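Hi everyone, thanks for coming. Please pull up the sequence and the model on your screens, and we will walk through them together.

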Amino acid sequence: MEEEDSSGGAEALQLSVDRSSPVPLYFQLSQQLEAAIEQGRLAPGSLLGNEIELAGRLGLSRPTVRQAISSLVDKGLLVRRRGVGTQVVHSQVKRPLELSSLYDDLEAAGQRPATQVLRNTTELATAEVAAALGISEGAEVVLIERLRLAHGEPMAHLRNHLPVGLLKLDSAELEDTGLYRLMRAAGITLHSARQAVGARAATAEEGEQLGEPEGAPLLTMERTTYDDTGRAVEFGSHTYRASRYAFEFQLLVRP
């Protein structure tokens, strides 16, 4: 077992490699760096130094360090900057599948959420929206369209449809907090939801909104939320950057 300190903003971080382990050295290093980023021991903006410096500190070959860094660059956790070195960008948000808002989950993860309201209006319900909310096709519904950011970077594009008259939604309030908090503050008891998660490639417009190239993978989520009377109070259709976001499942064995 060999141990070294990393540097450049991560001086106190202890990294180790076990040469007797069957686990590849690059994978050992990448897993430790990823854990340090996820746990906040390597904050966004921390510098790791370049590959030559890291290889020298850890007693590893440069290709091994390059492979470890490349795997984290591919995940969107690190970025190589010319003349600067390897820098921590952010941790990936891992969201549990439960009835919570993205705003609350980002805030709980220390991601400093922010919101840009793109539209706060009414429109006529499509067949899909009408079926989700249990109303007639063509009936008037509220549309809230937002861009959610974390650490100043786009994270997700959110479209929510609500029944007209459910609650008053002010754009300034929507930029300050999450939709579910405003619903609860209005006396709406959120009870359950039906949710579907998928994936697809980003369109050119979506890529521009989310800071991804056209064709980049996006996670999708559609959710219909019900209150404690069984009434559908919200239908959400959201897209997330797969490089920044993941859903977590807890699986139980049936007895």
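I will start with one helix and the residues around it, then move on to its neighbours.

A word on the ground rules. This is a predicted model, where local features need pLDDT of at least 70 and side-chain atom pairs count only at pLDDT 80 or more, while totals for chains, interfaces and linings use all residues. Residues are numbered from 1 along each chain as its sequence is written, and side-chain values use heavy atoms, with hydrogens and water left out.

Let's find Ser 30 in helix α1, which covers residues 25-38. Helices here are DSSP runs of H or I with at least four residues, strands are runs of E with at least two, and both are numbered from the N terminus. Is Ser 30 buried or exposed? Ser 30 is buried, because its relative accessible area is 4%. For us, buried means under 20% relative accessible area, exposed means over 50%, and partly exposed is in between, with a 1.4 Å probe and protein chains only.

What does the side chain of Ser 30 reach? It reaches the backbone oxygen of Phe 27, at 3.0 Å. Leaving out residues up to four places away in sequence, Ser 30 touches Ala 68, Ser 71 and Leu 72; touching, or contact, means heavy atoms within 4.5 Å.

Next door, Leu 29 also sits in α1, and at 3% relative accessibility Leu 29 counts as buried. Setting aside neighbours within four places in sequence, Leu 29 is in contact with Leu 15, Leu 58, Leu 60, Val 65 and Ala 68. Leu 29 and Gln 67 are 38 residues apart in sequence, with 9.5 Å between their C-alpha atoms in space.

Now, the largest nonpolar core. A nonpolar core is a set of buried Ala, Val, Leu, Ile, Met, Phe, Trp, Tyr and Cys residues joined through side-chain atoms within 4.5 Å. This one has 19 residues, and Leu 29, Leu 33, Leu 42, Val 65 and Leu 78 have the most contacts inside it. At least two residues of this core come from each of β2 (14-17), α1, α2 (51-58) and α3 (62-74). There is also a second, separate core of 15 residues, including Val 142 and Met 183.

Let's turn to α3. Which residues of α3 are buried? They are Thr 64, Val 65, Ala 68, Ile 69 and Leu 72. Looking down the axis of α3, these buried residues fall within an arc of 125°, so they line one face of the helix. That arc is taken from the directions from the helix axis to the C-beta atoms. If you are wondering about the spacing, an α-helix has 3.6 residues a turn, so residues three or four places apart point the same way. The buried residues of α3 pack against α1, α2, β4 (78-81) and β5 (85-88). On the face turned away from that buried side, you can find the exposed residues Pro 63 and Asp 74.

Try α2 for yourselves. Its buried residues are Glu 51, Leu 54, Ala 55 and Leu 58. Seen down the axis of α2, they fall within an arc of 100°, so they line one face too. On the other side of α2, Ile 52 and Gly 56 are exposed. After α2 comes Gly 59, whose phi is positive, near 70°.

Thanks for listening, and I am happy to take questions.

Notes
Polar contact = N/O pair within 3.5 Å; in protein donor to acceptor, adjacent residues only side chain to side chain.
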